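Open the model in a viewer and keep the sequence panel visible. The stops below each give a selection and what is found there.

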Amino acid sequence: MVEIIEQEEEKMRISAAVLASLPEWFGIPESTAVYVQECREYPFWADICSGIPRGFITLKETSPYTAEIYVMGVRKEYHRMGIGHKLFERFYDYVQKRGYLFIQVKTVKEGRCPEYDVSNAFYKSLGFREFECIDTLWDSSNPCQIYIMAVT
C-alpha cells in the first residue's frame with residue numbers, strides 16, 4: 001500500500017533500506033548518503049507491505065512549474081510487480097493537484113549500463129520523453145539523461 005510519509009527519520013530509514021538493496025543503481029556510498037539525507041526534506045511516498053518498505057519516491061521542486069522525481073527505488077525482489085507504477089501514480093496525483101506543469105527525472109543515458117537501461121525503459125513506459133543529455137553533470141562515464149513529461 002502506498003502512503004505518504006511525513007516523519008523525517010522514517011523517510012531516511014525507508015530510503016536507506018531500499019537503496020541499500022539496489023547496489024547496481026546506488027553503489028556509490030557517498031551519493032547514496034546524500035539521497036538519504038535529502039529525502040527527509042521532500043514529499044515522500046512509500047509502498048509498505050506487512051511493515052516492509054518495498055519502494056519509495058520523492059519529489060523535489062526544481063521550479064514553480066516543474067517537479068522532479070528526485071530519487072525513486074523499488075527493492076529488486078519486488079520489480080515487475082507494479083509497485084513503481086503505483087508510486088508514480090501517487091506522485092503524479094500530488095503534482096497535478098498542486099498545479100505543476102512538468103515532471104522531470106534524471107538517469108544515466110540509455111546504452112551505457114544495462115541496469116540503467118531498465119530504468120530508462122520504465123520511465124518511457126510512464127510517458128516520459130528525452131529532453132536533454134548532459135555529459136558533465138555527474139561525470140563522463142555517467143552521462144545524465146533528463147526525461148520530461150507534461151502534466152495534463
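Begin with aspartate 139, whose bridge partner in E7 is asparagine 142. This is a predicted model.

**Stop 1: the hairpin.** Widen the selection to strand E6, residues 129-139, and E7: the two pair in the antiparallel sense over six bridges. E6 and E7 form a hairpin, and two residues lie between them.

**Stop 2: another partner of E7.** Add strand E5, residues 102-108, to the selection. E5 pairs with strand E7 (residues 142-150), again in the antiparallel sense, over seven bridges. Within this pairing, select valine 108, which stands opposite cysteine 144 in E7. In a regular strand the side chains alternate between the two faces of the sheet.

**Stop 3: the cysteines.** Stay on cysteine 144. Is it buried or exposed? Cysteine 144 has 0% relative accessibility and therefore counts as buried. Now look for its closest cysteine sulfur, which is in cysteine 133. The distance between the sulfurs is 7.0 Å, so they are too far apart for a bond. How many disulfides does the structure hold? The count is zero. Then select cysteine 49: this residue is partly exposed, with a relative accessible area of 34%.

**Stop 4: aspartate 47.** Select strand E2, residues 44-49, and pick out aspartate 47 in it. Aspartate 47 has a relative accessible area of 1%, under the 20% cut-off, so it is buried. Which side chain makes a polar contact with the side chain of aspartate 47? Show arginine 54: its side chain makes that contact, at 2.5 Å. Next, display the surroundings of aspartate 47, leaving aside neighbours within four places in sequence. The residues in contact with aspartate 47 are then Met1, Val2, Ile52, Pro53, Arg54, Gly55, Ile83 and Leu87.

**Stop 5: helix H1.** Select residues 8-20, which make up helix H1. H1 has 13 residues and reaches 18 Å from its first C-alpha to its last, close to the 18 Å expected at 1.5 Å a residue. Show the side chains of Lys11, Met12, Ile14, Ser15, Val18 and Leu19, the buried residues of H1. An α-helix has 3.6 residues a turn, so residues three or four places apart point the same way.

**Stop 6: what H1 packs against.** Keep those side chains on display and add helix H2 (29-39), E2, strand E3 (52-63) and strand E4 (66-74). The buried residues of H1 pack against these four elements. One of them, E2, is the strand that holds aspartate 47.

Terms used. Residues numbered from 1 in each chain as written. Predicted model: local features only at pLDDT ≥ 70, side-chain atom pairs only at ≥ 80, totals over all residues. Heavy atoms only, no water. Pairing = 2+ DSSP bridges. Disulfide = S-S within 2.5 Å. Buried < 20%, exposed > 50% of the residue type's maximum accessible area, 1.4 Å probe, protein only. Polar contact = N/O pair within 3.5 Å; in protein donor to acceptor, adjacent residues only side chain to side chain. Contact = heavy atoms within 4.5 Å. Expected span 1.5 Å × (residues − 1).
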